[in-house]
Amino acid sequence: MTPLVSRLSRLWAIMRKPRAAVGSGHRKQAASQEGRQKHAKSNSQAKPSACDGYAGMIPECPGAPAGLARQPEEVVLQASVSPYHLFRDVAEVTAFRGRLLSWYDQEKRDLPWRRRAEDEVDPDRRAYAVWVSEVMLQQTQVATVINYYTGWMQKWPTLQDLASASLEEVNQLWAGLGYYSRGRRLQEGARKVVEELGGHMPRTAETLQQLLPGVGRYTAGAIASIAFGQATGVVDGNVARVLCRVRAIGADPSSTLVSQRLWGLAQQLVDPARPGDFNQAAMELGATVCTPQRPLCSQCPVQSLCRARQRVEREQLLASWSLSGNPDVEECAPNTGQCQLCLPASEPWDQTLGVVNFPRKASRKPPREESSATCVLEQPGALGGAQILLVQRPNSGLLAGLWEFPSVTWEPSEQLQRKALLQELQRWAGPLPATRLRHLGEVVHTFSHIKLTYQVYGLALEGQTPVTTVPAGARWLTQEEFHTAAVSTAMKKGSKRSQVSSPCSRKKPCMGQQVLDNFFRPHISTDAPNLNSAAQ
């Protein structure tokens, strides 16, 4: 019998399998779940972290929808779930662990936080190193984090060092990394460990989440497993994608129902002998092989256990034999309603997507659009260079505590806009020559939930005594100081010409465009035009 005929025979055996047999397994699963549910009701539930949105799918992410509190492992899904989506025996779990860890031992990336975790003997310093890396990696690519992490650990190698730092220093080092509340919470957590916990990090995922600000279910599990060897599973975006494909889960992974099931699978799979390595291996697989759009299935160590891959092969086999009249080729068929983990009926299998059918992304609301007017206010410096005025944002809300050019909300007319902007500038710098206010261009920056368009103006103070005294919350900086200050990426974004729209010709930038670029560049050219020359 040829391999193709053999596979076809197995396929027909699956399709002829009585539904009652699958349903029986489902009923046994439901009965078992009912028992666990009764047990769960008798247990107290841990208090959820305010930052644990998405129940770990986008862990501790600022701006994520709230209300999806942490659920105990014993909580049962109030929906029909087929054993098709589960790991049904010990042999399958053991095989998954072994293949994934063997692959990780050979293919893992050399990353600075991994080296620290492996080499650090002191458990508190090891946990701190892991904590910093996990917080930085939330919603941020590895390549971006490496330099930030290295600089952070050089400046504050211990919890005690970070606890003694100022928030200004933390914001300054974090500038450009995004989600700035992460750095603030890291420092708050370090101070709590030093001042209230005797300098010792909590040792379990439960106490880490309970005691440290900004630490949710995922971060707590990562620290506990990597630093302290606790056998606790974790689910981040990479792990969720791996599990959804391995078990053919097509429903929205950010939903409470699916999230609970994924956390249960992660806990079932984590290797008790090497929990930290296993969790990192699962994340590594999702980041480098089981990627969102172009997965490298041929390089996957667990492809033989992957139901998404099996589905692709089955569909290809059916297509090659031109089979027709087949009532049902899906193996998941509980007899009590539609399985809540399968692809939704509204989004059936797409042959062109292959394994990328899993998981299906939930529709996201587009970021709301806002506009603002900001001004680069320049005056001659003491040593002949230029100084620019920055003001500090409020201590709460978007970009809390960072420094920016004086800004106001967008007004419907140019006249009103100039008036509002001048009033804001005079609040910080006193009387100003209104006729020198120039519109330079616009910068568009998209935050996680806001698309903000900055209309950028410039005003040069020349022929008058430089302003030396400013109210609290404002400061004059040189351009060099500007690029090392705690300033957001949005304020520096004009350094890329393609991202700046100017009223001038694209072929030959006008003076205003050159001025705008000059202020956002990290290096100063001695013959670069300034606002004084632009105003002439």
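These legends go with a set of close-up views of one predicted model.

The model is predicted, so local features need pLDDT of at least 70 and side-chain atom pairs count only at pLDDT 80 or more, while totals for chains, interfaces and linings use all residues. Residues are numbered from 1 along each chain as its sequence is written, and side-chain values use heavy atoms, with hydrogens and water left out.

**View 1. The whole chain, before zooming in.**
The chain holds 20 helices and 8 strands; these are DSSP runs (H or I and at least four residues for a helix, E and at least two for a strand), numbered from the N terminus. Of its 536 residues, 49% count as buried. Here buried means under 20% relative accessible area, exposed means over 50%, and partly exposed is what falls in between (1.4 Å probe, protein chains only). About 25,500 Å² of the chain is exposed, and carbon and sulfur atoms supply 51% of that; the areas come from the Shrake-Rupley method with a 1.4 Å probe, and for residues only the protein chains shown count as cover. Take the contacts (heavy atoms within 4.5 Å) between residues at least 6 apart in sequence: 70% of them join residues at least 24 apart.

**View 2. Helix α9 and what covers it.**
Helix α9 runs over residues 181-196, and its 16 residues should span 22 Å at 1.5 Å a residue; the end C-alpha atoms are indeed 22 Å apart. The expected span is 1.5 Å times one less than the number of residues. Buried in α9 are Ser181, Arg182, Gly183, Leu186, Gln187, Gly189, Ala190 and Val193. The cover over these buried residues includes α5 (123-137), α6 (142-155), α7 (159-163) and α8 (167-174). After the helix comes Gly198, with a positive phi near 65°.

**View 3. Helix α6, one of the neighbours of α9.**
With 14 residues, α6 reaches 20 Å from its first C-alpha to its last, close to the 20 Å expected. Val145, Tyr149, Trp152 and Met153 are its buried residues. An α-helix has 3.6 residues a turn, so residues three or four places apart point the same way. The buried residues of α6 pack against α4, α5, α7, α8 and α9.

**View 4. Pro202, in the loop after α9.**
Pro202 sits in the loop between α9 and α10 (205-211) and is buried, at 7% relative accessible area. Skipping neighbours within four places in sequence, the contacts of Pro202 are Leu197, Thr207, Leu208, Leu211, Leu212 and Phe228. Look for Ala224 too: Pro202 and Ala224 are 22 residues apart in sequence and 8.6 Å apart in space, C-alpha to C-alpha.

**View 5. Arg241, a buried charge without a salt bridge.**
Find Arg241 in helix α12 (residues 237-246). Arg241 is buried but makes no salt bridge, and the nearest side chain of opposite charge, Asp236, is 7.4 Å away. For charge, Lys and Arg count as positive and Asp and Glu as negative; His and the chain ends are not counted. A salt bridge needs a side-chain nitrogen of Lys or Arg within 4 Å of a carboxyl oxygen of Asp or Glu. The Arg241 side chain does reach the backbone oxygen of Cys290, at 2.7 Å. Setting aside neighbours within four places in sequence, Arg241 touches Gly286, Ala287, Cys290, Thr291, Pro292 and Pro359.

**View 6. Thr291, on the other side of that contact.**
Thr291 belongs to the loop between α14 and α15 (307-321). Thr291 is buried, with a relative accessible area of 15%. Beyond four places in sequence, Thr291 is in contact with Arg241, Arg245 and Gly286.

**View 7. Salt bridges around α4.**
Side chains of opposite charge can pair when their charged atoms come close. The count in this model is 16 salt bridges. In one of them, Lys108 pairs with Glu118, with the closest N and O atoms 3.1 Å apart. Lys108 lies in the loop between α3 (90-107) and α4 (112-119) and Glu118 in α4, so this pair ties together parts 10 residues apart in sequence. Lys108 is partly exposed at 32%, whereas Glu118 is exposed at 52%. Another salt bridge joins Arg114 and Glu284 (2.8 Å, N to O). That pair links distant parts of the chain, with Arg114 in α4 and Glu284 in α14 (residues 275-288), 170 residues apart. Arg114 and Glu284 are both buried.

Terms used:
Polar contact = N/O pair within 3.5 Å; in protein donor to acceptor, adjacent residues only side chain to side chain.
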